[in-house]
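Let's take a walk through a protein chain together, starting with the overall layout and then stopping at a few places along the way. Have the structure open beside you and turn it as you read.

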Amino acid sequence: MNPTHHYEQLIALFDRCFSEDFQTRLIKGDDEPIYLPADDTSPWNRVIFAHGFYASALHEISHWCIAGEARRKLVDFGYWYCPDGRDAQTQSQFEAVEVKPQALEWMFCTAAGFPFNVSCDNLDGDCEPDRIAFQRKVHVQVMHYLTSGIPERPARFITALAEFYGRPPLTASQFPWPDDL
């Protein structure tokens, strides 16, 4: 990991962008990531990322940015999740719902100058995911966002990342077509 990238920076940037408007905080977790809406134990909605990993924080933020208002009232946004160990059909379903979040994650990484690695998240599955094919789908979504417009919440976070890390505005040339991983 680049020594200039620390999860504490993401917490501060996320809080500055979203704590007031969305009553949502980014929190370092000790185990698996999860989203928890405000409840009796906390007045804050909580985006909890795994083990202080910078990449995990960016990934969980991307899911939060995709979730609409109704989903942000549900634990883990009410999304279906099938853990590692998926068969080919289930892996295909997993990848279909991961294209948009991973496109945003790639954009966040680029805005921060942090390496992006597409995640098929199926190390123990009975099928070998095609990482290049999946990253190409993610690439298509990135290009769509760049040409059609990035939604407001992720655009706000991208701007904050780029300003903090002294990076240029996002352009298509920063996202090469995945020929090989």
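Helices and strands here are DSSP runs, a helix having at least four residues and a strand at least two, and they are numbered from the N terminus. Keep in mind that what you see is a predicted model. With those words in hand, read the protein chain from its N terminus: the elements run α-β-β-β-α-α-α-α. In total there are five helices and three strands. The chain has 181 residues, and 46% of them count as buried. Sequence distance is worth a thought too. Take the contacts in the protein chain with a separation of 6 or more: residues 24 or more positions apart account for 64% of them.

Now look for the sheet. In what order do its three strands lie? The order is β1-β3-β2, in an open sheet with mixed pairing. The edge strands are β1 (24-28) and β2 (34-36), each of which pairs on one side only. From one strand to the next, the twist averages 20°.

What does mixed pairing look like here? A bit of background helps: strands of a sheet pair through backbone hydrogen bonds, and they can do so parallel or antiparallel. In this sheet, β1 and β3 (residues 45-49) run parallel and are joined by five bridges. On the other hand, β2 and β3 pair in the antiparallel sense, over three bridges. A good residue to find is Ile48 in β3. Ile27 stands opposite Ile48, and Ile34 stands opposite Ile48 as well.

Stay with β3 for a moment. Is this strand mostly covered or mostly open? It is mostly covered, with five of its five residues buried. In a regular strand, side chains alternate between the two faces of the sheet. You can follow this along β3: Asn45, Val47 and Phe49 are on one side, Arg46 and Ile48 are on the other, and all of these are buried, so both faces of the strand are covered.

Which helices lie against the sheet? Helix α1 (residues 7-22) lies across β1 and β3, running at about 160° to β1. Helix α2 (residues 54-66) also packs on the sheet, where it touches β1, β2 and β3, and its direction makes about 145° with that of β3.

Let's zoom in on Gln9, which is found in helix α1. Gln9 counts as buried because its relative accessibility is 17%, and the cut-off for buried is under 20%. What does Gln9 touch, leaving aside its neighbours within four places in sequence? The contacts are Thr4, Tyr54, Phe164 and Tyr165. Tyr165 is 156 residues away from Gln9 along the chain, yet their C-alpha atoms are separated by 10.0 Å. The side chain of Gln9 has polar partners as well: it reaches the backbone oxygen of Thr4 at 3.1 Å, and one of its polar atoms lies 2.9 Å from the backbone nitrogen of His6.

Next, follow helix α2 to another helix. It packs with α5 (residues 152-165) at an angle of about 150°, and the two axes are 9 Å apart. That angle makes α2 roughly antiparallel to α5, because angles over 145 degrees count that way. Where the helices meet, Tyr54, Leu58, Ile61, Trp64, Cys65 and Ile66 come from α2, while Arg153, Pro154, Phe157 and Tyr165 come from α5.

Another residue to find in helix α2 is Ser62. Is Ser62 buried or exposed? It counts as buried, since its relative accessibility is 0%. Setting aside neighbours within four places in sequence, Ser62 is in contact with Pro101, Leu104, Glu105 and Phe108.

Finally, how many disulfides does the structure hold? The number is zero. Look at Cys17: the nearest cysteine sulfur, that of Cys65, is 9.1 Å away. A disulfide needs two cysteine sulfur atoms within 2.5 Å, and Cys17 is in no disulfide. Cys65 is in no disulfide either, and its nearest cysteine sulfur is that of Cys17. Cys17 is buried, with a relative accessible area of 10%, and Cys65 is buried too, at 6%.

Technical notes
Residues are numbered from 1 along each chain as its sequence is written. This is a predicted model: local features need pLDDT of at least 70, side-chain atom pairs count only at pLDDT 80 or more; totals for chains, interfaces and linings use all residues. Side-chain values use heavy atoms; hydrogens and water are left out. Buried means under 20% relative accessible area, exposed over 50%, partly exposed in between (1.4 Å probe, protein chains only). Contact means heavy atoms within 4.5 Å. A polar contact is a pair of N or O atoms within 3.5 Å; within protein, one must be able to donate a hydrogen and the other to accept it, and residues adjacent in sequence count only if both atoms are side-chain atoms. Two strands pair if DSSP finds at least two bridges between them. Axes are lines fitted to C-alpha atoms, for helices over the stretch in contact, and angles run from 0 to 180 degrees between N-to-C directions. Angles under 35 degrees count as roughly parallel, over 145 as roughly antiparallel, 65 to 115 as roughly perpendicular and the rest as oblique.
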